[in-house]
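Here's a quick tour of a two-chain model. Have the structure open and follow along as we go.

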Amino acid sequence: MRVLVVRHISLWWSFFTNTLTRDMEFKANFIGSLIVDAVYYGAHYFFFNIIFSYVDTLGIFTSADVRIFLVITFIADTVYMMFFSGNLFNLNKLIVSGDLDFALIKPVNGQFIVSFRYVKSYAIVSLTILGLLLSSLISQNPHDISILNLILFFFSFILGQTIWYSLDFMIGCLTFWFKNFTVGGWLGHELFKFAERPDSIYTGILRKSLFSILPMALISSVPARLLIYGPGWNFLYWQIFVSVIFLLLTRIVWKAGIKKYESASS
Amino acid sequence: MRVAFSKYFMVMRMTWIQALEYKANTIVGIFAVISGVLIEYILWDRIYETRGVEIINGFSLNQLIVYIFFGIMVGQLKSSWVTSFEMIECIRSGGLNKYLIRPVSFFSYHFSLFIGYNSLFYFSYFAMIILFQLIFPGWAFQTPIQAVAFIIFLSMAVYLSYSIYFLMICCAFWFGEVRTLILAFNLSNRIFTGSIIPLEFFQESILNIIFLTPLPYLVNIPVNIALGNISSLEWPQLFINGLIWVVVMTFLGQILYKIGIRKYEGFGG
C-alpha cells in the first residue's frame with residue numbers, strides 16, 4: 001500500500017514537472033490565465049461589496065466572515081483548476097475520440113491518469129497571492145482563529161476538494177452513456193455556483209440537498225465555518241462520510257463506464 | 001445582397017440542424033437559468049428580510065427576481081465564446097486561409113454560426129418567457145409594444161456583443177493566444193452588463209463609467225425595457241445610442257481585421 005502511494009505521488013510529480021516545462025514555453029498563456037483569475041476574483045469581490053452595502057450579515061456570516069469565505073472559495077476554485085479541471089474537462093474528448101485507450105493501456109490506474117495527467121502550474125502564483133490574502137484576513141478577523149481551526153480547515157478543505165472532484169468526475173463519466181456529453185463542464189460550473197454563496201443563505205430542502213446529494217455547501221462553506229468559528233465536529237464527520245461515499249461512487253461509475261466503453265469513436 | 005443573405009442563411013440553417021443534435025445543451029441551459037435565478041432569489045430574499053424593506057433601489061424582491069430571470073437569459077443569448085474560440089483557432093492555426101480564398105466573409109460566416117449554435121436557446125428561452133407570461137401576467141411586457149421593443153433591443157445586444165467579441169478576436173493577429181481575453185470579458189460581463197444584478201444597484205461613480213461604454217446595451221437596457229422600467233419616450237434615444245455603438249464597434253472590428261490580415265502569415269501558430 002505504502003509503495004503504491006509513493007509510486008503515485010512520484011508519478012504525479014513527473015506529470016507536474018512535465019506540464020510546468022510546457023507551461024513555461026507559453027508565457028502569454030501563463031500570464032493570461034493569471035489575468036482571468038484576477039478578473040474572476042475581482043468580479044465576485046465587487047458583487048459581494050454591493051451585497052454588503054445593503055446588509056451587515058448573511059445569516060451568521062458577517063461582512064468580514066464573507067470576505068474569508070470568498071477567499072476560501074477562490075482558493076478552492078484555484079486548487080481545483082490546478083489539479084483537476086485540465087483533466088476532467090477533456091474526459092469527454094478522450095472518450096468520444098477513443099484516446100482514452102492510451103490511458104487504459106498504461107501500467108497505472110486509469111482513473112488516476114485521466115484525473116491527474118495535467119497540472120495547471122500558473123495556479124501556483126494565484127495560490128500564493130490568495131494564501132497571503134487569507135492570512136491577512138485571518139489576522140484582521142475579530143474571531144479567535146486558533147491553530148486547531150487552521151488544521152481542521154486544511155483537512156476540511158481537502159475533503160471539499162475530494163467531493164468536488166468526485167462530482168465533476170461522475171458528470172464527465174456520463175459521456176460513457178450519452179456518447180457525447182460536451183456540456184459536462186458547463187453543468188459542473190453551474191453546480192459550483194451554489195458553492196459560491198455562503199451556506200447560511202440556504203434553507204429547507206435546498207439546504208439539505210446542498211449538504212447531501214449535491215454537496216456544494218461542503219466545498220467552501222464548511223471549511224470557512226471550521227476556520228472562522230472553530231471545531232464543528234458534526235460538519236466535519238458529515239463531510240468525511242460524504243467524501244468517502246462520493247469517492248467510492250466515482251470508482252463504481254468509472255468501472256461501469258469502462259465496461260460500456262467501445263474504444264475509438266464509441 | 002439577396003445572394004449574400006441566402007448564403008449566410010444556409011450556414012445558419014446548417015448549424016441550427018447540427019445544434020439540434022445536442023439537446024443536452026438546452027437542458028443544461030435551462031438548468032443554468034433556473035439555478036441562477038434560484039441562487040439569487042435566496043440571496044436577495046435574505047437581504048430584503050434582514051433589512052425589513054420592500055423596495056431597494058426602486059426594485060421590489062419580485063421585480064428584482066424577474067429582472068435576474070430575464071438578465072440571465074439575455075446574458076446567455078449574447079454570449080459567443082464557443083464561436084470566438086473557433087475564430088481565434090482559425091487565426092492561430094492558419095484555418096483563416098479558407099475564408100480568404102472563398103467568397104465568404106470571416107465576420108458574417110461566424111456570425112451565422114453563432115446564431116445557429118444559439119438557436120436552441122432562442123427557442124427554449126422564448127418558450128420559458130411565454131410560460132412566464134402565462135403564470136405571472138403583468139410582471140413583464142405590460143404592453144405588446146414592449147415585446148416588440150425588447151426583440152429589437154435584444155437583436156441589437158446580440159449583434160453588438162458579437163462585434164465586441166470580434167474586436168478581441170482580431171487581437172489574435174498580433175498576440176496569438178487571446179482566449180484568456182475572451183474568458184476575462186465573459187466573467188466580468190455577468191456583473192458589469194447587469195446580468196445577475198441590475199446596474200441600478202451600483203454606486204453612482206461606477207455607473208457613470210459603465211454608461212460611457214456599450215455594456216448597458218448588452219443586458220441592462222433590453223431587460224429594463226421588457227420589464228417596463230424604461231419609459232417608451234426614452235426608447236428612441238436609447239436605440240440611436242445603441243446603434244451608434246453598433247456602428248462604432250463594427251467599424252473598429254473591420255479596421256482591426258484589415259490591419260490584422262496584413263500581419264497574418266497563413267500557417268499554424
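What follows goes from the overall build of each chain to the contacts between them, and then to a few helices and residues.

## The two chains

Keep in mind that this is a predicted model. Chain A has 13 helices and two strands, while chain B comes to twelve helices and two strands. Reading chain B from its N terminus, the elements go α-α-β-β-α-α-α-α-α-α-α-α-α-α, and its radius of gyration is 20 Å, close to the 18 Å that the globule rule gives for 269 residues, so chain B is as compact as a globular protein of that length. Chain A, with 266 residues, has a radius of gyration of 19 Å, which agrees with the value near 18 Å for a compact globule.

As for outer dimensions along the principal axes, the C-alpha trace of chain A spans about 55 × 45 × 40 Å, and the C-alpha atoms of chain B fill a box of roughly 65 × 40 × 35 Å. Burial comes out at 38% of the 266 residues in chain A and 36% of the 269 in chain B. Long-range contacts make up much of the picture: taking contacts between residues at least 6 apart in sequence, 78% of those in chain A join residues at least 24 apart. For chain B, residues 24 or more positions apart account for 81% of the contacts with a separation of 6 or more.

## Where the chains meet

How many residues of chain B are in contact with chain A? There are 29, and they touch 30 residues of chain A. On chain B's side, the elements that give two or more residues are α2 (23–51) and α9. The largest share, 14 residues, comes from α2(B). Sorted by class, the side of chain B that touches chain A has 18 nonpolar, seven polar and four charged residues.

## Helix α9 of chain B

That brings us to α9(B), which covers residues 179–192. Its 14 residues reach 20 Å from the first C-alpha to the last, close to the 20 Å expected at 1.5 Å a residue. The helix is mostly covered, with ten of the 14 residues buried. Among them are Arg179(B), the run of Leu181(B), Ile182(B) and Leu183(B), and Phe192(B).

What do those buried residues pack against? From chain A there's α2 (27–51), and from chain B there are α3 (61–77), α4 (81–93), α7 (144–170) and α10 (204–210). After the helix comes Gly194(B), with a positive phi near 85°.

## Helix α10 of chain A

Over in chain A, helix α10 (residues 184–192) has Gly184(A), Leu187(A) and Gly188(A) buried. Seen down the axis of α10(A), the buried residues fall within an arc of 100°, so they line one face of the helix. An α-helix has 3.6 residues a turn, so residues three or four places apart point the same way.

The partners of that buried set come from both chains: α4 (91–97), α8 (147–173) and α9 (175–178) of chain A, plus α2 of chain B.

## The nonpolar core

The largest nonpolar core has 126 residues, and Phe70(B) and Ala157(B) touch the most other members. Helix α3 (residues 63–88) of chain A gives the most to this core, with 15 residues. In soluble globular proteins, nonpolar side chains tend to be buried together.

Take a closer look at Ala157(B). Setting aside residues up to four places away in sequence, Ala157(B) touches Val74(B), Lys78(B), Tyr217(B), Leu218(B), Val219(B) and Pro222(B).

## Two residues to compare

Is Phe74(A) buried or exposed? Phe74(A), which lies in helix α3 of chain A, is buried, with 23 other C-beta atoms within 10 Å. Leaving aside neighbours within four places in sequence, Phe74(A) is in contact with Tyr41(A) and Leu130(A). Phe74(A) and Ser220(A) are 146 residues apart in sequence, and their C-alpha atoms are 9.0 Å apart in space.

Now jump to Asn208(B), in helix α10 of chain B. Asn208(B) is exposed, with 10 other C-beta atoms within 10 Å. Its C-alpha atom is separated by 25 Å from that of Val66(B), 142 residues apart along the chain.

Key
Residues are numbered from 1 along each chain as its sequence is written. Chains are lettered from A and ligands numbered from 1 in the order in which they are written. This is a predicted model: local features need pLDDT of at least 70, side-chain atom pairs count only at pLDDT 80 or more; totals for chains, interfaces and linings use all residues. Helices (H or I, at least four residues) and strands (E, at least two) are DSSP runs, numbered from the N terminus. The expected span of a helix is 1.5 Å times one less than its number of residues. A residue is buried if 20 or more other C-beta atoms lie within 10 Å of its own, exposed if 12 or fewer, and partly exposed in between; C-beta atoms are placed from the backbone. Two residues are in contact if their C-beta atoms, placed from the backbone, lie within 7 Å. Ala, Val, Leu, Ile, Met, Phe, Trp, Tyr, Cys and Pro count as nonpolar, Asp, Glu, Lys and Arg as charged, and the others, Gly among them, as polar. A nonpolar core is a set of buried Ala, Val, Leu, Ile, Met, Phe, Trp, Tyr and Cys residues joined through C-beta atoms within 7 Å. The radius of gyration is taken over C-alpha atoms; the globule rule is 2.2 Å times the number of residues to the power 0.38. The arc is that of the directions from the helix axis to the C-beta atoms.
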